Amino acid sequence: MILTQCAFCAVDLGLTLGKKCGRCSTRYCGAACQKKHWEEGGHDALCKAIKKAGGAEQYHANNKYAAAVAVATKACADDTKGQTCY
């Protein structure tokens, strides 16, 4: 998954246009959207986590994976309720 939209206003950036956050490389259409996302959109709280995950694409993929695993684990637990697993 390659994020090709501004993280704040969702305008299409293609693969090469736009400005990136200096820390985590989240993409924006310009400095104004980057500033608004930092102040209003909560990017300041996520920036370090995105960087640690390896970028915005990987951060969101990890979150989707974790959610899917949680759903699958619950479904499996419900299917095997009352059974002994060895």
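These legends describe close-up views of a predicted model.

**View 1. Cysteines without disulfides.**
The disulfide count is zero. C6 takes part in none, and the nearest cysteine sulfur, that of C9, lies 3.7 Å away. A disulfide requires two cysteine sulfurs within 2.5 Å. C24 gives a similar picture: its closest cysteine sulfur belongs to C21, at 3.7 Å, which is too far for a bond. C6 is buried, with 4% relative accessible area. C24 is buried too, at 3%.

**View 2. The largest nonpolar core.**
This core holds 10 residues in all. Its cysteines are C6, C21, C24, C33 and C47. L13, Y28, I50, A56 and Y59 complete the set. Helices α2 and α3 each supply at least two residues of this core. Two members, C6 and C24, also appear in View 1, where C6 has a relative accessible area of 4% and C24 one of 3%.

**View 3. Contacts of C21.**
Which residues does C21 touch, once those up to four places away in sequence are set aside? They are T26, Y28, Q34, H43 and C47. Of these, Y28 and C47 belong to the largest nonpolar core, as does C21 itself. Q34 belongs to helix α1.

**View 4. The largest pocket.**
The volume of the largest pocket is about 290 Å³. It is lined by 19 residues, of which L3, A7, T26, A56 and H60 are the closest to the pocket centre. Two elements, α2 (43-53) and α3 (56-79), give two or more residues to the lining. The largest share comes from α3, with four residues. By character, the lining divides into eight nonpolar, eight polar and three charged residues. A56, one of the residues closest to the pocket centre, is also a member of the largest nonpolar core.

**View 5. Q34 in helix α1.**
Helix α1 spans residues 31-39 and includes Q34. Is Q34 buried or exposed? Q34 is buried, because its relative accessible area is 18%, under the 20% limit. Beyond its neighbours within four places in sequence, Q34 is in contact with K19, K20, C21, G22 and Y28. Strand β1 covers residues 19-20, and G22 sits in the loop that follows, between β1 and β2. Y28 and C21 are both core residues.

**View 6. H37 in helix α1.**
H37 is another residue of helix α1. Its relative accessibility is 13%, so H37 counts as buried. Leaving out residues up to four places away in sequence, H37 touches A7, F8, Y28, G42 and H43. Y28 is thus a contact of H37, of Q34 and of C21. A7 returns from View 4, where A7 is among the residues closest to the pocket centre.

**View 7. E39 in helix α1.**
E39 also lies in helix α1. E39 is exposed, with a relative accessible area of 55%, whereas H37 is buried at 13%. How far apart are the C-alpha atoms of E39 and F8? They are separated by 11 Å, and the two residues are 31 apart along the chain.

**View 8. The loop between β1 and β2.**
The loop between β1 (19-20) and β2 (27-28) holds G22. S25 lies in this loop as well. G22 is exposed, with a relative accessible area of 80%. S25 is partly exposed, at 40%. The phi of S25 is near 70 degrees, a positive value in a residue other than glycine. Most residues other than glycine have a negative phi. From G22 to K51, the C-alpha separation is 9.9 Å across 29 residues of chain.

**View 9. The segment before β1.**
A10 is placed in the segment before β1. A10 is not a glycine, yet has a positive phi of about 70 degrees. A10 is partly exposed, with a relative accessible area of 41%. L15 is in the segment before β1 too. At 65% relative accessibility, L15 counts as exposed. L15 and Q5 lie 10 residues apart in sequence, with 9.1 Å from C-alpha to C-alpha.

Definitions and conventions. Residues are numbered from 1 along each chain as its sequence is written. This is a predicted model: local features need pLDDT of at least 70, side-chain atom pairs count only at pLDDT 80 or more; totals for chains, interfaces and linings use all residues. Side-chain values use heavy atoms; hydrogens and water are left out. Buried means under 20% relative accessible area, exposed over 50%, partly exposed in between (1.4 Å probe, protein chains only). On a 1 Å grid over the protein atoms alone, a cavity is a set of points where a 1.4 Å probe fits but cannot get out, and a pocket is an open set with protein on both sides within 12 Å along at least five of seven lines; lining residues have an atom within 4 Å of a point. Grid points are joined across faces, edges and corners, and a volume is the space filled by probe spheres set on the points. Ala, Val, Leu, Ile, Met, Phe, Trp, Tyr, Cys and Pro count as nonpolar, Asp, Glu, Lys and Arg as charged, and the others, Gly among them, as polar. A nonpolar core is a set of buried Ala, Val, Leu, Ile, Met, Phe, Trp, Tyr and Cys residues joined through side-chain atoms within 4.5 Å. Contact means heavy atoms within 4.5 Å.
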